[in-house]
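Work through the exercises below with the structure open beside the text. Each task is followed by a solution in steps.

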Amino acid sequence: MLKWACLFVYFVADFIGSPNINLLEAEVKSTSSKNVDLLVGETILSFATDEELPANIQAGEKVTLGIRPENIELTENGNHKAKIYSTLPSGMETVVKLSLN
């Protein structure tokens with residue numbers, strides 16, 4: 001039952017919103033009560049939260065990271081480098097596809 005519930009959550013997260021959410025396979029590198037470092041491909045992404053993270057998240061665990069497109073900002077001098085491989089004008093917005101590695 002739990003596996004089905006997880007698949008349903010991913011389906012809803014991907015289905016709601018346009019453009020779709022970005023679902024990335026990642027590995028937990030390190031964690032504390034309010035911080036987590038995730039390895040996505042060859043890139044380490046660090047996240048901090050005001051809320052306590054679940055205590056059962058452990059280094060080495062495989063997770064799926066969901067990032068909404070509206071929470072990504074493209075800059076010339078950001079923390080991470082990515083390659084743009086596709087752009088698609090969509091009304092008032094443009095969908096940009098990136099590759100981290």
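Two strands count as paired if DSSP finds at least two bridges between them. The model is predicted, and every value below is computed from it.

**Exercise 1. State which secondary structure elements the protein has and in what sequence order they come.**

Step 1. Count the elements: the protein has one helix and six strands.
Step 2. Read along the sequence: the pattern is α-β-β-β-β-β-β.

**Exercise 2. Give the strand order of the four-stranded open sheet, and explain why β3 and β4 each have one side without a neighbour.**

Step 1. The order across this open sheet is β3-β2-β1-β4, and the pairing is antiparallel.
Step 2. β3 (43-48) and β4 (62-67) are at the edges with a single partner strand each, so one side of each has no neighbour in the sheet.
Step 3. On average, neighbouring strands of this sheet are turned by 45 degrees against each other, direction ignored.

**Exercise 3. Find how strand β1 is joined to β4, and name the bridge partner of Ala26.**

Step 1. In general, strands of a sheet pair through backbone hydrogen bonds, parallel or antiparallel.
Step 2. Strand β1 covers residues 22-31 and is joined to β4 by six bridges, the two running antiparallel.
Step 3. The bridge partner of Ala26 in β4 is Val63.

**Exercise 4. Describe the surroundings of Val63.**

Step 1. Place the residue: Val63 lies in strand β4.
Step 2. List its contacts, taking heavy atoms within 4.5 Å as the cut-off. Leaving aside residues up to four places away in sequence, Val63 touches Leu24, Glu25, Ala26, Val28 and Leu38.
Step 3. Take one of these, Val28: Val28 and Val63 are 35 residues apart along the chain, and their C-alpha atoms are separated by 7.1 Å.
Step 4. Set this beside the whole protein: among contacts with a separation of 6 or more, 44% are between residues 24 or more positions apart.

**Exercise 5. What lines the largest pocket, and which strand gives the most to the lining?**

Step 1. The volume of the largest pocket is about 1,400 Å³.
Step 2. Its lining consists of 35 residues, with Ile67, Ile72, Glu73, Leu74 and Leu98 nearest the centre.
Step 3. At least two lining residues come from each of β1, β3, β4, β5 (83-90) and β6 (93-99).
Step 4. β6 gives the most, seven residues.

**Exercise 6. How much of the protein is buried, and what is its accessible surface?**

Step 1. Buried means under 20% relative accessible area. By this cut-off, 11% of the 101 residues are buried.
Step 2. The accessible surface is about 8,200 Å², and carbon and sulfur atoms account for 55% of that surface.

Definitions and conventions: Residues are numbered from 1 along each chain as its sequence is written. This is a predicted model: local features need pLDDT of at least 70, side-chain atom pairs count only at pLDDT 80 or more; totals for chains, interfaces and linings use all residues. Side-chain values use heavy atoms; hydrogens and water are left out. Buried means under 20% relative accessible area, exposed over 50%, partly exposed in between (1.4 Å probe, protein chains only). Accessible areas come from the Shrake-Rupley method with a 1.4 Å probe; for residues, only the protein chains shown count as cover. Axes are lines fitted to C-alpha atoms, for helices over the stretch in contact, and angles run from 0 to 180 degrees between N-to-C directions. On a 1 Å grid over the protein atoms alone, a cavity is a set of points where a 1.4 Å probe fits but cannot get out, and a pocket is an open set with protein on both sides within 12 Å along at least five of seven lines; lining residues have an atom within 4 Å of a point. Grid points are joined across faces, edges and corners, and a volume is the space filled by probe spheres set on the points.
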